[in-house]
Amino acid sequence: MRQRLKYWLFQRGKNCKHCCLWCEYFSICSGQIEQERQTYKARLPDGRGIAIKTVPERERQIQRRILKKYARKGESGRMRNFRLDDESGHQEALFSWAAYQLGRMPELEYLHHVPNGGKRDKATATALKRQGVKAGVPDVVLPAVRAGYHGLYIELKAGKNTTTDNQKRWLEYLRQQGYYTAVCYSWQLAAELIERYLLRPEELTQEQKTITMR
């Protein structure tokens, strides 16, 4: 919503009078105008040259400030607000990033995590198994159709962790059923893949196996 508000206030070149906050064509409109604009040079009456930044660049500057605030790295190389030594920290970082990208990619509202991992006592684990929780289901699910795929499944890993036999079996089954499947070894790589899947689906190839991004 914040992204839509900024776009509505600052964009140029849009001829309609609709409010972007509720416009169902927002993503198409913003994408078309963004492709048409670039930073260009101009000259003032006194002869000085200046570079005029277009709206997309201004939006990117705002986005970078937000990401810097919530994903700043300390001297140790770890993100300040998230622990990146385990998968849970990468999960939090990915969904924090997704929350700030809703204006560009509204489908991220339906991005969700399957909470199959984590430590549980024996009684809780038994109860969850009765309720249908199954080992090996990929961590992140995006139910959005692109480039002939029914949706995107990502197994998010951290450090030297590797996929289990159950996870490999699930990923292979989902790939065969028409889903795009991947194993990503950081939240940044997962975010990069999600952005490519939603905004640049022409770059996706018909993979013969689950891709791994390190």
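This passage looks at the aromatic ring pairs of the structure and at a charge placed over a ring. The model is a predicted one, and residues are numbered from 1 along the chain as its sequence is written.

Three aromatic pairs are counted in the model. A good place to begin is the contact between Tyr149 and Tyr180, whose rings meet edge-to-face, with 4.9 Å from centre to centre and 90° between the planes. Tyr149 belongs to the loop between β4 (140-142) and β5 (152-156), while Tyr180 is part of strand β6 (residues 180-184), so this pair ties together parts of the chain that are 31 residues apart in sequence. Both partners, Tyr149 and Tyr180, are buried.

Tyr180 also pairs with Tyr197, this time in a tilted arrangement: the ring centres are 6.3 Å apart and the planes make an angle of 50°. Here strand β6, which holds Tyr180, is linked to helix α7 (residues 187-199), which holds Tyr197, and the two residues are 17 apart. The relative accessible area of Tyr180 is 3%, and Tyr180 counts as buried because this value is under 20%. For Tyr197 the relative accessibility is 0%, so Tyr197 is likewise buried. Taken together, the ring pairs join Tyr149, Tyr180 and Tyr197 into a cluster.

A further tyrosine, Tyr185, has a charged neighbour. Arg214 is placed over the face of the Tyr185 ring, at 4.1 Å from the ring centre.

How values were computed: Predicted model: local features only at pLDDT ≥ 70, side-chain atom pairs only at ≥ 80, totals over all residues. Heavy atoms only, no water. Phe/Tyr/Trp six-rings, centres within 6.5 Å; stacked < 30°, edge-to-face > 60°. Helix = DSSP H or I, 4+ residues; strand = E, 2+ residues; numbered from the N terminus. Buried < 20%, exposed > 50% of the residue type's maximum accessible area, 1.4 Å probe, protein only. Lys NZ or Arg CZ within 6 Å of the ring centre and 35° of its normal.
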